[in-house]
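Please read the following account alongside the sequence and the model, moving from the aromatic residues to the helices.

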Amino acid sequence: MGRGGSGDTNLAVAEKLFQRNPLKDQMLQIYRQLLEGMEIKANLYNPVHMALRLTGMVSRRDLHGTRCLWVRNRIFAHVFDRAWVHEQKTQRLLNASLERWLLSDREEDYVLRGKALQEAHAWSTTRDDLTKDEHAFLMAGLEVARKDEEIQQKSERDRERRLEAEARTRLQQRAIRALGSLVLALVGLLVFAFWQYHKAEQAKEQERSAKEQAVQAQKGERQQKAKAERALAQAKQALDAVRRAQKKTYLALHQAKKARQVATDQKRRAMRLLVQVGASLRKEERARRAALQARKRAEWLRKQESAARRRAELAERAAQEGRKAISLAAQSGQEMRALRAGILAIVPSLRSHQTPPLQALEGLIESVNTARQTRRFRGHQEAVTRVLFLPNSQTFLSASRDRTVRLWSFQTGRVLGILRGHRAAILAMAYTPNHSLLATADEQGSILLWDLSPCKHAMNPPETAPCQLSPRHRLQGHNKAVHALAFSPRGRWLVSASQDRSLCLWSSSSAKLKRRLQGHLAGISAIAFSERMGLLVSADQRGEIVSWTWPSGVVRKRWQPHQGPINALHLLGEHLLSVSDDKTARLWDLRQEKQIRVWRGHNGRVTGGAISADGAFVVTASTDQRVRLWSVKTGRKLKTLDAHTQAVLDATFSPRGLDILTGSQDRTVRLWRPFRDDATVVFRGHQGFVNAAIFAEGRIVTAGSDATVRIWTQQGRKKNRLLGHKSWVGAVASQKGQLVTASRDRTVRRWDLATGTSRGVLRRWAWQEAVAWDPMAHLFAVGGDDRVLHLVEAQNLRWLKALRGHQGSITSLVFSQDGRWLVSGSKDRTLRLWDVQRGTCLHTFEGHQKAVTSVAFSPDGQHILSASLDGTARLWLRKDGRRVSVFRGHRGKLFAAAFSPDGNRVATASGDRTVRIWDAQTARLIAILRGHTKSVLSVQFSPDGNSLLTGSMDRTARIFPASEQLYLRVGCRLLRYQREFADVRGLCVPYLNLRDTP
């Protein structure tokens, strides 16, 4: 039990661990407090607490329901007592000071002083094991202390002498001041005596002057009295004259009064006559004016009635055209006629500054969406057999049985070039992008090589005539129809496949036949190259596929997967697509030599097919007039593209996108955009519901139930993904380059919008479902299922206020434009208006029958908009909480509502999969926007008010045009180069920008 515990292993280990720990000072302080009986709450994350517990000197105990630190037992308290603590502290102080003193070459500035020296000296007296350095260090400290004491005593003596000298000086100064005061008093007495003498002399002089003035006054008084007597006599004479004049004046006034009375009586009679005449004139004028106003009002009513009839007729014609547009849009091949009807339905209303009828606007929207889904290119005189995208994705080629090849522009729909030279129907086409070289083949076995370079100048000017090209080479090697052509990956070789059962290998530079490959037992109908695997694959009309090693031309494998002729092959990497007359399309893995997918569903021969550039989709074309889009991953049919009126002969994907080009026997080429099926921008990437979508400083930010927040460009490209939440992200808000997100993982996170980095996390015990920024970005508000609205300082993420009052979960928050007020919506079916500065509730708005899901402030701050699960949106006055109007019409629950930036329109999002736009003043429905396939959860207007951003349960966000003018402009651009444009040319001119692209 001796101090230090050297006799016990546990005590020795504890002291050893204590001595080695770098946190020894903090541990010693806490241990001393525990010995003194202080209660210290245990902290698992405090490294000092953890170090003390690891030494074994301290343990945790429950004290009044709290886990506190405690000295392990009485043995440790007795061995490591306060004396031991004092010794450790003193020894620590001496060791550290001694080390600094030695390192400084024994400078006096580093020795101990004062109380530290006394403690060290007292400690040294009890030790007999001091080293020479420790003894020298203590002696040096004592020596310095002695010198300091001598210096202090000397300074005290100097101070006493200085104080005695100052006292003598003060006595001398007091004597001098007393003598000066006496001299000043004597001088003052002399001055006062002289002043009294001078004052007496002045008084005598004034007395003499007063006597002289009195004599002069008596003389003047006598003179004034004489003058007054003379004036009195004159006044009496004047008074007599005035009295005589008054008498004459009185007589004259009496006569004038009589004359004035007579004139007044005559004037009154004349005025009465004038009043009677004026009254009759006024009555006549009023009657005339009333008659004139009645005629004007009748004329105005007739004009209003006529205008109302004209507006009604115009609205009815517009509605009829809208219904016609909707009907035509549902019919195959009538997209352009539907678009023309939609434009005719809406333009007259816009020209007369009227709001178009709902059916007219729906007709325009539906026709624009249908026309955007597919564009038709007409010009060939017979069936289009092959279509081909050029690498620039702005032009494409089509080959036809009319023996021509046409070069088209996507932007304008114009024919840029026409290639003539074949003597029979063209059946095959191939292009090598490295040399601008095109190869075409016909049913007589002729192959033509074309150089497309001369036609490139026509790709930019919109009004130049189509260029005319002649073939560069004519290749003769087959004696039957050539059904397929393919260039080698680097463009050096051209391979042709023919009904004569042979493959010909041509040099693309010299146009000479280099080799002929034989091996098929039937006419060859399709070929494809695999650059990665060094393979050439061919298929014939027996349904057999042959793979050849390239460039040796040796047969590698044969297999017969189809029961009919194979019409097309397409290779992408290791995957091979084959389509056949047996109404199937099959996908193969060439490396593993196995079949991956079989697609069935067409009702006719499958004539063409292709794999998308990303390998995710397959398109097939059939004689059943349909084009089908399939998923490679799931094998499911995604879409059926139905617009051609006759058999579809070919289909291909764009080089770097998902646009589809098809050629048909109906002599048209169609461009399909299956993933841009309307005039919207679609944001795909979330693996769950898109719960919130907002505009944020030129970017789009979306939050989803997949626990991610994504940042996009407004064109739909992914820019960043913010990871950190562990569960459903229910709300997101942006202000001045900062983002705040609220999640059901019970956290609120702040992010940097530009870099996507996290700037802090707030943790709560409840789900957080709503968040809103103060306009100045100084604070933000969050709310959740704890029914409490919290205000948080944005910079330091510090809780400021807690606003209580709701009886249900808080679902939505919004600040006013000036930041003075805050509105919250709740599942308790109410919304509340809060004063942000005071933290008090000003109004409670009641009226909804179910939970309030969204709230919004009007731009002027005078109105509040709310949406509810009861299927209605309501407009309230902020000042008194009175309800202004109700927006009804959705067939499902309402999840969001928003004001336009000008405050004139309101947008609502619903579980019926639509977004509706309303007139904010009259609650009249303006437009219905469709496109989402599941409930729409959020909606927001763009800053310019021209677009609507939505988020949906279908895992997408979309940007919809929000005005009639935008849909009309898109429609006019789509129709511009079609035959139907002649009927609406005059209507489209104000809305058509020639530099725009469809």
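A residue is called buried here when its relative accessible area is under 20%. The model is a predicted one, and in it W588 has a relative accessibility of 9%, so this residue counts as buried. W559, with a relative accessible area of 15%, is buried as well.

These two tryptophans also bring us to the aromatic pairs, of which the count comes to 13. W559 and W588 form one that is edge-to-face, with 5.8 Å from centre to centre and 65° between the planes. The pair links distant parts of the chain, since W559 belongs to strand β20 (residues 555-559) and W588 to strand β23 (residues 584-589), 29 residues apart. A second edge-to-face pair joins F683 and W712, whose ring centres are 5.5 Å apart and whose planes meet at 70°. Because F683 lies in strand β32 (residues 681-684) and W712 in strand β35 (residues 709-713), this pair ties together parts that are 29 residues apart in sequence. Both F683 and W712 are buried. Elsewhere, ring pairs link F377, F396 and W408 into a cluster.

Charged side chains meet rings too: the charged end of K557 sits over the ring of W559, 5.3 Å from its centre, and R744 lies over the face of W728, at 4.6 Å from the ring centre.

Turning to the helices, α8 (residues 335-351) has 17 residues and reaches 24 Å from its first C-alpha to its last. Of those 17 residues 13 are buried, so α8 is largely enclosed by the rest of the structure. Helix α7 (residues 132-329) contains L186, which is part of a nonpolar surface patch that includes L179, L182 and V183 and has about 690 Å² of accessible area together.

Definitions and conventions: Residues are numbered from 1 along each chain as its sequence is written. This is a predicted model: local features need pLDDT of at least 70, side-chain atom pairs count only at pLDDT 80 or more; totals for chains, interfaces and linings use all residues. Side-chain values use heavy atoms; hydrogens and water are left out. Helices (H or I, at least four residues) and strands (E, at least two) are DSSP runs, numbered from the N terminus. The expected span of a helix is 1.5 Å times one less than its number of residues. Buried means under 20% relative accessible area, exposed over 50%, partly exposed in between (1.4 Å probe, protein chains only). Patches are made of residues with over 30% relative accessible area and no salt bridge: like charges are joined within 9 Å, nonpolar side chains (Val, Leu, Ile, Met, Phe, Trp, Tyr) within 5 Å. Accessible areas come from the Shrake-Rupley method with a 1.4 Å probe; for residues, only the protein chains shown count as cover. A salt bridge is a side-chain nitrogen of Lys or Arg within 4 Å of a carboxyl oxygen of Asp or Glu. Rings of Phe, Tyr and Trp (its six-membered ring) pair if their centres lie within 6.5 Å; planes under 30 degrees apart count as stacked, over 60 as edge-to-face and the rest as tilted. A charge sits over a ring if NZ of Lys or CZ of Arg is within 6 Å of the ring centre and within 35 degrees of the ring normal.
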